[in-house]
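Open the model in your viewer and switch to a cartoon view. The stops below say what to select and what is found there.

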Amino acid sequence: MKKRILPLVMALSMLFVLCSCGKTDTGVSVQRVDRLTAAGQAGDRFAGMVVSEHVEQIHKDSNKTVMELYVTEGQTVAAGDKLFSYDSAALELEVEKQQLELEKLKQEKSSLVDQIADLQKQLSAAPDSATRARLTLEVNTLKTNQMENDYQLAAKEKELETLKETAANSDILSPIDGTIRQINENSDAGAYITIQQSGAFKVKGSINEMSLGSKLSAGARVRVVSRIDSNQTWMGTVTSVDMKSNTQSEQNNMGSDSGSDAAAMTTSSSYPFYVELDDTEGLLLGQHVYMEVVPEGTQPGVWLPSNYLTELSEESAAAKVWADNGKGKLEQRAVTLGTLDEMTGCYEILSGLAMEDYVADPAATGCQSGAPVIYRNDSDFGGDPALTEDDLSDADFAEEEDFSEDDSLPADTLPEGEDAVDAASSASSLGG
């Protein structure tokens with residue numbers, strides 16, 4: 001994968017020149033440094049959705065009557081809030097009914113004890129073997145009935161205890177903070193109320209079986225990027241790939257056979273994976289995001305593609321960049337260079353730039369001191385269709401062959417390798 005990073009970075013830089021760093025009617029476009037650093041270090045990219053860490057299902061007793069429901073779908077609740085209450089009058093009647101049944105079982109037990117004691121007296125005085133055999137059989141039968149009675153008695157005592165607790169606490173409370181996602185009035189076969197826990201977020205994505213292991217596995221570090229504002233990022237770790245919940249899809253694979261193109265349909269499976277975030281501040285439940293795999297050995301700090309540098313001197317480890325001065329104007333700023341990553345073509349910036357700074361490509365028309373700037377992010381150049389839960393089964397954006405239902409790449413997903421250079425060259429010729 002590393003061999004393909006350099007052409008990708010070159011393509012990204014060329015497209016930034018054509019799209020995001022060109023002179024416009026209002027100014028010269030600038031890009032945040034952290035996004036350029038991320039572009040140089042990004043591995044494979046996947047689509048994802050922010051989901052809840054936990055869903056709580058509340059079941060109701062089909063033998064009880066709900067007197068009042070206190071919540072509605074979409075309502076936010078806190079732990080301890082009332083969800084619904086049973087009919088307490090009906091519960092009290094049920095307690096009385098179960099109490100009578102318990103007393104009946106106790107009377108049966110007492111009767112069995114007396115019968116067994118009487119038969120044992122007769123057995124000790126039996127005149128012959130035939131009488132003893134008959135009485136022994138009757139005693140054993142009564143003892144079996146006594147064992148069954150003891151079991152029923154213990155079960156009824158436990159049932160009555162639970163029923164008394166329910167009657168004393170007829171209000172059913174929410175066990176967690178969350179949002180009421182569903183209320184099922186016909187809940188005989190499922191949960192009555194479903195609560196989605198708030199605050200504990202994770203990100204759900206999908207990966208094709210052909211990419212498992214080589215591109216993503218449990219423990220991999222990923223950068224989560226907002227689809228709305230690419231300047232919003234979070235870091236996380238892949239916690240699991242759910243191999244039990246696969247979805248299958250058909251793909252068109254083009255191949256060459258005897259000099260002619262032939263289309264063949266193949267079936268592949270996709271599996272959901274989950275990312276635990278280091279920090280969830282600013283994320284919303286249901287938010288659509290991208291996930292970029294952070295390659296192992298990625299260096300921390302500020303890294304900038306070499307084509308963003310001017311007056312570069314490796315001997316003095318110095319260069320200059322066109323940067324936003326914080327007041328909406330361009331300035332030429334001196335920076336101190338560190339090492340060059342030959343795999344990505346990026347220089348480490350030791351001083352002079354911070355992640356939150358904005359820079360312009362020096363090849364863009366209009367890069368001069370005092371020129372007005374226009375702030376851009378990835379979402380400004382070609383939007384993406386909204387991602388739904390169904391899309392997550394085919395949301396592996398890393399390579400085109402991983403698509404199943406839609407063979408077209410999203411507008412802001414670039415091809416890799418030599419295709420990226422060809423795409424940049426085509427864009428350059430069109431722009432010229």
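Begin with Thr 76, which stands opposite Thr 179 in strand E8. This is a predicted model, so every stop on the tour describes a prediction.

**Stop 1: an open sheet**

Keep Thr 76 and Thr 179 on screen as a facing pair, and select residues 178–183, which make up E8. Strand E5 runs antiparallel to E8, and 2 bridges join them. Now widen the selection to the sheet around them. It is an open sheet of 4 strands, in the order E3-E9-E8-E5, with antiparallel pairing. Which strands stand at the edges? They are E3, at 55–58, and E5, at 76–77. Each has a single partner strand, so one side of each is left without a neighbour in the sheet. If you turn on hydrogen bonds, look along the backbone: strands of a sheet pair through backbone hydrogen bonds, either parallel or antiparallel.

**Stop 2: strand E20 and its partners**

Next, select residues 346–351, which form strand E20. Strand E16, residues 302–305, pairs with E20 in the antiparallel sense over 4 bridges. To find one contact in this pairing, select Leu 304; its bridge partner in E20 is Tyr 347.

Then add strand E19, residues 330–341. E19 and E20 also pair in the antiparallel sense, over 4 bridges. Here the residues to pick are Asp 341 and Cys 346: Cys 346 is the bridge partner of Asp 341 in E20.

**Stop 3: two cysteines**

Stay on Cys 346 and show the surface. Is Cys 346 buried or exposed? Cys 346 is buried, because its relative accessible area is 3%. Move on to Cys 367, which is also buried, with a relative accessible area of 15%. How many disulfides does a search of the whole structure find? The search finds 0.

**Stop 4: two positive phi angles**

Select residues 310–313, strand E17, and pick out Glu 311 within it. Glu 311 is not a glycine, yet its phi is positive, at about 50°. On the surface view, Glu 311 is exposed, with a relative accessible area of 55%.

Finish at Ala 317, in the loop between E17 and strand E18, which covers 318–324. What is the phi of Ala 317 near? It is near 55°, a positive value in a residue other than glycine. Ala 317 is partly exposed, with a relative accessible area of 25%.

Notes:
Residues are numbered from 1 along each chain as its sequence is written. This is a predicted model: local features need pLDDT of at least 70, side-chain atom pairs count only at pLDDT 80 or more; totals for chains, interfaces and linings use all residues. Side-chain values use heavy atoms; hydrogens and water are left out. Two strands pair if DSSP finds at least two bridges between them. A disulfide is a pair of cysteine sulfur atoms within 2.5 Å. Buried means under 20% relative accessible area, exposed over 50%, partly exposed in between (1.4 Å probe, protein chains only).
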